[in-house]
Structures are given as C-alpha cells and as structure tokens.
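Q: Please take a close look at one part of this predicted model, the place where two helices pack, and then follow the chain outward from there.

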Amino acid sequence: MDLEQTKELYEFLKGEIPERFIFKTWKPKLSEDEAFTVIYVLQEKFHLIPDHFEQCKRCKEIFDMECEGKHYDDPGINLCEGCIDQIFYRESSQEADTPEKAIIEWYKVQSSCQNTEDP
Ligand SMILES: [Zn+2]
C-alpha cells in the first residue's frame, strides 16, 4: 500500500466511507489514535503497509517519515514537517533556540493540558 492508500484507509477507519460504498448496518467510527492502531498492526504484523508511514503526534495526519518529518527521542514522538515548523516558529517561546528544545517545551504543555482535562 502506498501513502495515499494508507491515508484513505485511515479516513475510512475514522468513518469516512469511500465512494461507491454503502454500508447500511455498520460503519467504523474510530478515534485518530484507534485508527492508527489498526494501521500499526497492518505494518508490523502483516507487512501490508511500509513501517515508515507514521502518525504525527500534533495534527494526527499520516506522513512518510522517509520524505519528511522527524522522530524525537525526547519525548519519544513523531512529528510531520509542517508541525515541526509550526511549533518552532509560531508556538515556541523565545528561549527555545532549536526545534528540539521547542518540541520538548510544546510537548510538556500538551501533556499537562491533557492531565487537567482527564483527572
Ligand atoms: Zn503534523
């Protein structure tokens, strides 16, 4: 499967039905993270999807890590090129002088926000 097909599958799992298909009884309605779990199994167990297609932690889109984006060991997340730029140039404070630092800072804020929403 190529990147476009993988993205289509991802949209389908989230509830977007492909053209020409009509499902009367049931259609999937997974969250972004749940949908990516299915893709992950197709990558790692069934080898139907290249394992360098990753989900961006910020925008949740699927992207090809061989062409763009980056894995950050600290805090252990994958981000697409667009989100790296966004975090570094628009959301980071002045103190963050490298994308790596900006991303660590952004992730801290992200995870603390989630904690307050979900006690
Ligand atoms: Zn992104």
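A: In this predicted model, helix 1, which covers residues 3-13, packs with helix 2, which covers residues 32-44, at an angle of about 135°, and their axes are 9 Å apart. An angle over 115 but not over 145 degrees counts as oblique, and therefore helix 1 is oblique to helix 2. The crossing in which helix 1 passes helix 2 is right-handed. On the side of helix 1, Thr6, Leu9, Tyr10 and Leu13 take part in the contact, and they meet Ala35, Val38 and Ile39 of helix 2. Sorted by class, this contact of the two helices holds 6 nonpolar residues, 1 polar residue and no charged ones.

Between helix 1 and helix 2 runs a loop, and Arg20 is found in this loop. Arg20 is not a glycine, and yet its phi is positive, at about 75°. Most residues other than glycine have a negative phi. Because just 5 other C-beta atoms lie within 10 Å, and 12 or fewer is the cut-off, Arg20 counts as exposed.

Further along the chain, Lys60 also has a positive phi without being a glycine, with a value near 70°, and Lys60 sits in the loop between strand 1 (53-55) and strand 2 (62-64). Lys60 has 16 C-beta neighbours inside 10 Å and so counts as partly exposed.

As for the wider setting, the domain assignment divides the protein chain into domain 1 (1-51) and domain 2 (56-119), and the centres of these domains, taken over C-alpha atoms, are separated by 24 Å.

Key
Residues numbered from 1 in each chain as written. Predicted model: local features only at pLDDT ≥ 70, side-chain atom pairs only at ≥ 80, totals over all residues. Axes fitted to C-alpha atoms, helices over the stretch in contact; angles between N-to-C directions. Helix = DSSP H or I, 4+ residues; strand = E, 2+ residues; numbered from the N terminus. Parallel < 35°, antiparallel > 145°, perpendicular 65-115°, else oblique. Left-handed = near helix turned anticlockwise from the far one by under 90°. Contact = placed C-beta atoms within 7 Å. Nonpolar A, V, L, I, M, F, W, Y, C, P; charged D, E, K, R; others polar. Domains from an automatic or database assignment. Buried ≥ 20, exposed ≤ 12 C-beta atoms within 10 Å, placed from the backbone.
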